[in-house]
Amino acid sequence: MNQNELYQQVILSHNKSPKNFGKPESFTHWAEGFNPLCGDHYFIYLTIEDNVIKNVFFEGEGCAISKASASLMTESLKNKTVEEADSIIKKFHDYMTLSEGDLKELGKISVLSGVKDYPARIKCATISWHTMKQAIETPVSE
Amino acid sequence: MDSNILAKIREDFPILETEINGYPLVYLDNAATTLKPKYVIDRLSKHYLYETSNIHRGVHFLSQQATTYFEEVRDKVKNYLHGNSTWETIFTKGTTGAINFVAQSFGSLLESGDEVIISQMEHHSNIVPWQMLRDRKSIVLKVAQMDERGVLDLEHLESLITEKTKLVSITYLSNALGTINPVDKIVEIAHSKNIPVLIDAAQAIAHITIDVKKLDIDFIAFSAHKMFGPTGVGVLYAKKQLLEKMPPIDGGGDMIASVRFDKTIYNTIPYRFEAGTPDIAGVIALGAAIDYINSIGLKNIEEYEHELLQYGTQKLSEIKNLRVVGTSPDKSSVISFVLNGIHPHDVGSLLDSKGIAVRTGHHCAQPVMEFFKIPATTRASISFYNTKTDIDRLVDGILYVQSIFE
Ligand SMILES: Cc1ncc(COP(=O)(O)O)c(C=O)c1O
């Protein structure tokens with residue numbers, strides 16, 4: 001793929017077949033994220049039990065970077081405690097927006113490292129993460 | 001256009017020699033802003049290097065000289081638009097500045113319940129100022145529809161008009177679709193009910209010969225930076241008879257005849273509307289941009305760009321899983337498209353990796369995207385320095401994008 005580290009195979013395959021994609025029948029928390037500038041539009045659905053994120057789903061439309069980032073995120077946050085998830089979200093966010101730390105310790109997510117070098121695309125990578133943070137804080141109202 | 005002439009023209013734009021990501025630049029984002037010829041840049045720097053001075057306020061040589069060069073541009077604008085003494089040139093910050101000025105100044109004369117008509121294919125700069133006026137003065141904002149091709153529905157436009165309608169404000173050439181609107185018919189419809197017309201010529205200005213006399217346009221707005229001039233300068237060219245009734249929006253120096261604490265008397269038009277020191281170098285460079293266009297000839301430009309647009313549309317329609325958005329029979333300079341299953345932002349990034357500059361997104365025309373039920377498009381917009389080779393590289397680029405997403 002020569003100069004294009006942005007579109008690595010992992011990203012392309014998560015775009016094509018995203019993990020944990022769709023709306024689950026039941027969930028305890030959810031949020032919607034929308035970027036009017038590019039039209040990226042995602043929903044995150046969570047089942048949080050005993051402070052653990054038991055299940056994560058996402059749904060929506062957007063570019064390959066945003067979809068792959070959401071897909072990778074759902075994989076990495078499943079079965080994490082809320083505190084662990086918060087810390088991963090913060091690491092990802094700080095790396096993308098402040099260039100602090102690195103993504104190596106976050107495992108597979110590190111394929112998104114290259115996005116940081118394309119300022120116009122950083123929002124694509126972070127939108128689902130913002131939405132996730134919001135979802136964790138937003139229980140479904142009865 | 002003769003290939004020798006084209007090669008010469010391309011030499012006028014030093015930026016075309018740059019490489020982007022290791023490839024010679026293919027610049028297809030002309031609707032966002034055009035490139036600048038050396039001639040225009042030289043005029044800018046000549047002003048700052050050897051002619052710097054403020055205008056309208058000095059008896060010394062440099063000030064008078066700058067004033068003369070600055071004022072000459074009003075005439076260049078007049079000639080470029082085929083106007084006469086019925087109209088006046090007002091310098092603004094751009095198209096957006098010009099439309100906002102009309103919305104505030106002409107808008108201040110409207111009353112609650114009065115109506116302004118725009119169209120579904122407007123740039124946000126011809127929507128939001130009217131919404132702000134609506135919120136300020138309780139006017140009614142009406143929207144004329146378009147069809148699936150992106151062609152304005154004139155019958156619908158006509159049906160929106162009532163005795164309360166005070167202005168029709170429509171784009172000449174859609175930046176998102178490339179549609180050329182029938183300005184003659186729009187004006188005819190509006191004038192039959194004595195309603196003035198504002199034409200957003202931000203895009204048209206560099207691609208279409210505009211004859212305000214023949215079209216009888218009341219207000220026309222454009223930006224220098226979309227016609228090979230500098231950013232930060234634009235024009236409202238408007239009928240004096242309308243301007244005479246309009247209040248100034250900004251107060252300050254240059255817009256007054258006399259100032260006393262109990263009473264200030266405003267200057268005459270156009271100065272009344274140009275408070276403060278304007279972008280003097282920018283206006284003078286706009287004049288140079290007009291001279292530059294004239295040296296090539298807008299007719300030649302139109303002809304050549306038409307040929308390029310046909311070529312590009314043909315080539316792109318041969319690509320599988322590509323859909324052109326905006327298929328009006330009357331189009332200029334813009335090809336907006338979507339690829340099945342590939343988001344425009346990915347298209348834009350990957351084309352960029354091949355040195356091809358296009359715009360992706362909603363092009364400041366979200367209602368257009370909503371109409372076509374798409375989040376965004378990829379837009380290639382041409383100018384006279386583009387070549388068939390540029391189009392071929394775009395086509396190769398698109399095929400490359402599709403191969404990555406296979
Ligand atoms: C049709 C149209 N109207 C208005 C504008 C606004 O021009 P500016 O940003 O130069 O004020 C644009 C620029 O994209 C445009 O394409």
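**Charges over rings.** I looked first at B:Lys388 in this predicted model: its charged end sits over the ring of B:Tyr311, at 5.1 Å from the ring centre. I then turned to B:Arg43, which lies over the face of B:Tyr69, 5.0 Å from the centre of that ring.

**Aromatic pairs.** I looked up the aromatic pairs over all chains and noted a count of 20. I examined A:Phe92 and A:Trp129: their ring centres are 3.9 Å apart and their planes stand at 10 degrees, so I entered the pair as stacked, the limit being under 30 degrees. This pair joins distant parts of the chain, with A:Phe92 in helix H3 (residues 82-98) of chain A and A:Trp129 in helix H4 (residues 122-136) of chain A, 37 residues apart. I found both A:Phe92 and A:Trp129 buried.

I next took B:Phe384 and B:Tyr385, whose ring centres are 5.3 Å apart; their planes meet at 65 degrees, so this pair is edge-to-face. B:Phe384 and B:Tyr385 are both buried. I also recorded that they belong to a cluster linked by ring pairs, together with B:Phe13, B:Phe228 and B:Tyr292.

**Strand S4 of chain B.** I checked residues 87-92 of chain B, which form strand S4, and found 6 of the 6 buried, so the strand is largely enclosed by the rest of the structure. In a regular strand, side chains alternate between the two faces of the sheet. I saw B:Trp87, B:Thr89 and B:Phe91 pointing one way from S4(B), and B:Glu88, B:Ile90 and B:Thr92 pointing the other way. I then looked for a partner and found that strand S10 (residues 234-239) of chain B pairs with S4(B) in the antiparallel sense, over 6 bridges. Across this pairing, B:Phe91 stands opposite B:Val235 of S10(B).

**Helix H2 of chain A.** I compared the span of helix H2 (residues 64-77) of chain A with expectation: at 1.5 Å a residue its 14 residues should cover 20 Å, and the end C-alpha atoms are 20 Å apart, which agrees. I noted that H2(A) is mostly covered, with 13 of its 14 residues buried. After the helix comes A:Asn79, which has a positive phi, near 65 degrees.

**Cysteines.** I searched all chains for disulfides and found 0. A:Cys63 is in none, and its nearest cysteine sulfur, that of A:Cys124, is 3.8 Å away. I read a relative accessible area of 0% for A:Cys63, so I entered this residue as buried. B:Cys364, at 25% relative accessibility, I entered as partly exposed.

Note on methods. Residues numbered from 1 in each chain as written. Chains lettered and ligands numbered in written order. Predicted model: local features only at pLDDT ≥ 70, side-chain atom pairs only at ≥ 80, totals over all residues. Heavy atoms only, no water. Helix = DSSP H or I, 4+ residues; strand = E, 2+ residues; numbered from the N terminus. Expected span 1.5 Å × (residues − 1). Buried < 20%, exposed > 50% of the residue type's maximum accessible area, 1.4 Å probe, protein only. Pairing = 2+ DSSP bridges. Disulfide = S-S within 2.5 Å. Phe/Tyr/Trp six-rings, centres within 6.5 Å; stacked < 30°, edge-to-face > 60°. Lys NZ or Arg CZ within 6 Å of the ring centre and 35° of its normal.
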